[in-house]
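Hi,

Here is the structure I promised to pass on to you. Have a look at it first, and then read on for what I found in it.

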Amino acid sequence: MRLNPYGEDAVNLAADLANRRPTSAEELADRCRSAGLVLESPVTAQDMDRLCAVLDEWEKVVDAVDEHERADLVNRMLVAAAAYPRLTDHAGHGWHLHYRDDHQPLGSVLFSLISVGTALHLAGRGMHRLRRCALAGCATIFADTSRTGRQRYCSPRCANCDAVRRHRARATA
Ligand SMILES: [Zn+2]
Ligand SMILES: [Zn+2]
């Protein structure tokens, strides 16, 4: 694993997988690799099942009504993913922390990566910095890593689209 769990990589990977869920083990493997994960063993159907369960839990975190509920949901994921943090240099790219036991299948790796990464993102940047796009009809999830922490849309395209809609609504009003 080469993703920096303190950074935005883990939470961005979670959003990417939740927004467009992989439909096959091969696709999951490809997308994890391109996100920088070093896969230790072949991806199986069990990994797909585990990922699906993880993303269902994670979307509840995204849709939590307030920060206390959000914290409770993340804590529940952390309890289930719990392992002692450990130093490792398994990929030969330098020492880093793993929040999981060695030699886990990808489904378990993703579970701890997503749980810990989300907790670190929210604690480090702000509890509100995980949401769905504000454009009606766009449910895309994103982690807000902007400087101001006030990102409302998943993309500039959605922000423009909403601005046009608001302008039209004002014009007809
Ligand atoms: Zn690693
Ligand atoms: Zn959007």
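The protein chain carries 23 positive and 22 negative charges, and the mean positions of the two sets lie 10 Å apart. Please keep in mind that this is a predicted model, so every value here is computed from predicted coordinates.

As for the overall build, the protein chain has 6 helices and 4 strands. Starting at the N terminus, their order is α-α-α-α-β-β-α-β-β-α. Along the principal axes, the C-alpha atoms fill a box of roughly 60 × 35 × 30 Å.

How much of the protein chain counts as buried? The figure is 40% of its 173 residues. The exposed area is about 9700 Å², with 53% of that supplied by carbon and sulfur atoms. Among contacts with a separation of 6 or more, 51% are between residues 24 or more positions apart.

Helix H2 is a nice place to zoom in. It spans residues 25–34, and its buried residues are Ala25, Glu27, Leu28, Ala29, Arg31 and Cys32. What covers them? The cover includes helix H1 (9–19), helix H3 (45–62) and helix H5 (106–125). After H2 comes glycine 36, which has a positive phi near 105°.

Finally, a note from the records: an unreviewed UniProt entry places the feature "domain: Zinc finger CGNR" at residues 129–170. In the model, that stretch is 36% helix and 14% strand, and its end C-alpha atoms are 30 Å apart.

Enjoy exploring!

Best wishes

How values were computed:
Residues numbered from 1 in each chain as written. Chains lettered and ligands numbered in written order. Predicted model: local features only at pLDDT ≥ 70, side-chain atom pairs only at ≥ 80, totals over all residues. Heavy atoms only, no water. Buried < 20%, exposed > 50% of the residue type's maximum accessible area, 1.4 Å probe, protein only. Helix = DSSP H or I, 4+ residues; strand = E, 2+ residues; numbered from the N terminus. Contact = heavy atoms within 4.5 Å. UniProt positions renumbered as here; feature names shortened; annotations may be inferred. Areas by Shrake-Rupley, 256 points an atom, 1.4 Å probe, with all protein chains shown as cover. Lys, Arg positive; Asp, Glu negative; His and termini not counted. Charge placed at Lys NZ, Arg CZ, Asp CG, Glu CD.
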